[in-house]
Amino acid sequence: MEFVAGPAVHRVLCADCGTPIVPNSANLCVSCLRNTVDITEGIPKQAAVSFCRNCERFLAPPSSWTLAKPESAELLSICLKKLKGLNKVRLTEAHFIWTEPHSKRLRVSMTVQKEVLTNTILEQTFEIEYLVQHGQCPDCAKLAAKNTWKALVQVRQKVPHKRTFLYLEQLILKHNAQKDTISIKEVRDGLDFFYSSKSHALKMVEFLASVAPIKSKASEQLLSSDVHSSTANFKYTYSVEIVPICKDDLVCMPLKQARTFSNINPLTVCIRVGNSLQLLDPQTLQTCEIPSQIYWRAPFDSLASVTDLKEFTILDIDPDHSRQKGKFLMADAQVALAGAFHSSGKQADDEDSMDFESSGLTTQVFHTRTHLGAILQPGDTALGYFLTNANFNSDNFASLPVSRIPDIILVKKTYPNRRKKSKVRNWKLRSIAKEAGEEGETSNARGAIGRMGGRDLKKVEQDYEIFLRDLEEDPELRSGINLYKAPEVTMSAPEGERKPRKRAQFAMDVDEAPAEVIPANTTEEDDDEEEPDFPDVKLDELLEGFDEMTLGAGEDEAEEEQS
């Protein structure tokens, strides 16, 4: 086969350096062409980006603030928008160059192309350095300033305890309803939520209406107006009132209103509070549900609350399996006061026992009907309302015939032997952080919603302990909130060797029980055995703690321990 040579390639000398090159319109080699023409002219080699340290957002021109992780596509887009003259060239490639995290510098490598002469396209790679300028976004600036809110939600409940707001706090955390709140202030009968826009406040009111029976009222205050442009600036206030009836409260409805609910007995017990009230007659297992709209037409208060419950010992119980409704089972029970059959010496030593000798009820046995026949056994302890010695200032209760008022109404089962053990709980709760130093704050030890509780710190501790016990003993109640695994118990260091724990700037508060000091010579002195049916919180109901919410505080503590 005969070899055929290809066409000859004609070359010319570069006009500047004399290097043989393929002919082009400029008659210059690539090196000389780059030295003669700079396609990056007009593109700044240094720029600045604004970063808010409070919310960790970058300013995306012209005025929006965006969350962007380091070396992410979102951050690269923000950096490219800061450059002028980039529209005159064709961008083919851009990526970050690694820099020290504390250097406050971002380096971006870019490759651009541009047609410099006829049919001559020049490609060039260069670097741009960005200076990260720390500042505050408008939202964080409003947080730092005082009285910059535009909408206010006032939540009130006229009850002498804070358990409703403790439970409401957990519901808010589970549904992340606090994300738009700029501040929270605690007042005498409730909480105030402050927002930067009206829509955020309306969203909070709708959330409260979905989880609690409420009534709301809106009002607005004119701050300024412009008659030329017909614009005005308002502050909006939404007053929300929660029904003053809580779970396990004793309720006596007006007789006329009770007849409208299937002629139920006016004397009932509240078994559940959601967006409506559910009442139960323990004598007949009849239930009724009262929506918030119907309740506020003719409101009524509760006769007694959880603090008025007394302990009773179950002597005998006869369940009637033919009368059952859901988890409730009708039963006839014989009960006595918890301290009725104790000797005088033992009763004097027990601080929790009650002295009924003066009332002549020391050894008296009461007969009653209860809806707890499925869980009560002889020897158990139950909490109930002692109506024989009760004196209520209520016209509805006074109008009831004496034959329809039982001596005792049992409400729930309790576990006194387990409570005496004082075991550390294996779970914990989250709480919403609150600014310290606000008006009305009385305790620096607590920085969470619903935990100031006025000046009576002992009353606050009692309400919180009752709330934790309700969560332990009621699986249905704790199914609506998030429980987290408690950290493992570790030996505490001596006072002189303890290091103060570092707290991240925006870390979420955690409600943890204080470490219990157990003497080395502890012995089993209590002969009472624990109740076998105590409803322990199972491990599969607990969630892992959110480490990212502490902003790396755990890593800092680990490094300190190693050092």
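**Close-up views of a predicted model**

**View 1. Strands E19 and E20 within a five-stranded sheet.** Thr313 has Ala336 as its bridge partner in strand E20, and the structure shown here, as in every view below, is a predicted model. The two strands concerned, E19 (residues 310-325) and E20 (residues 328-337), are paired in the antiparallel sense through nine bridges. They belong to an open sheet of five strands, which follow one another in the order E21-E20-E19-E22-E23 with antiparallel pairing. Strand E21 (366-370) and strand E23 (408-414) stand at the edges of this sheet, and because each has a single partner strand, one side of each is left without a neighbour in the sheet. From one strand to the next, the twist averages 40°.

**View 2. A mixed sheet of six strands and the helix that packs on it.** Here six strands make up an open sheet with mixed pairing, and their order is E5-E4-E3-E8-E7-E6. The edge positions are taken by strand E5 (64-67) and strand E6 (90-97), each of which has a single partner strand, so that one side of each is left without a neighbour in the sheet. When direction is ignored, neighbouring strands of this sheet are turned against each other by 35° on average. Strand E4 (residues 57-60) runs antiparallel to E5 and is joined to E5 by four bridges; within this pairing, Phe58 has Thr66 in E5 as its bridge partner. Helix H2 (residues 73-81) packs on the sheet, where H2 touches strand E3 (46-52), E4, E5, E6, strand E7 (105-117) and strand E8 (120-135), and the direction of H2 makes about 120° with that of E6.

**View 3. Helix H4, its length and its surroundings.** The twelve residues of helix H4 (residues 163-174) should span 16 Å at 1.5 Å a residue, and the C-alpha atoms at the ends of H4 are 17 Å apart, which agrees. Ten of the twelve residues of H4 are buried, so the helix is mostly covered, and the buried residues include Arg163 and Glu169 as well as Phe165 and Leu166. After H4 comes Asn176, which has a positive phi, near 55°.

**View 4. The packing of helix H4 against helix H5.** H4 and helix H5 (residues 198-211) pack at an angle of about 120°, and their axes lie 12 Å apart, while the crossing in which H4 passes H5 is right-handed. On the H4 side the contact is made by Leu168, Leu171 and Ile172, which meet Met204, Phe207, Leu208 and Val211 in H5. Sorted by class, this contact of H4 with H5 holds seven nonpolar residues, with no polar and no charged ones. The three H4 residues named here are also buried.

**View 5. Strand E16 between two hairpins.** Strand E16 (residues 276-281) is mostly covered, with five of its six residues buried. Strand E15 (residues 267-273) pairs with E16 in the antiparallel sense over four bridges, and the two form a hairpin that has two residues between its strands. In this pairing, Val273 stands opposite Leu277 in E16. E16 also pairs with strand E17 (residues 286-291), again in the antiparallel sense, over six bridges, and Asp281 has Gln286 in E17 as its bridge partner. The hairpin of E16 and E17 has four residues between the strands, and Leu285, which lies in the turn, has a positive phi of about 65°.

Methods:
Residues are numbered from 1 along each chain as its sequence is written. This is a predicted model: local features need pLDDT of at least 70, side-chain atom pairs count only at pLDDT 80 or more; totals for chains, interfaces and linings use all residues. Side-chain values use heavy atoms; hydrogens and water are left out. The expected span of a helix is 1.5 Å times one less than its number of residues. Buried means under 20% relative accessible area, exposed over 50%, partly exposed in between (1.4 Å probe, protein chains only). Two strands pair if DSSP finds at least two bridges between them. Axes are lines fitted to C-alpha atoms, for helices over the stretch in contact, and angles run from 0 to 180 degrees between N-to-C directions. Contact means heavy atoms within 4.5 Å. A crossing is left-handed if the near helix is turned anticlockwise from the far one by less than a right angle, and right-handed if clockwise. Ala, Val, Leu, Ile, Met, Phe, Trp, Tyr, Cys and Pro count as nonpolar, Asp, Glu, Lys and Arg as charged, and the others, Gly among them, as polar.
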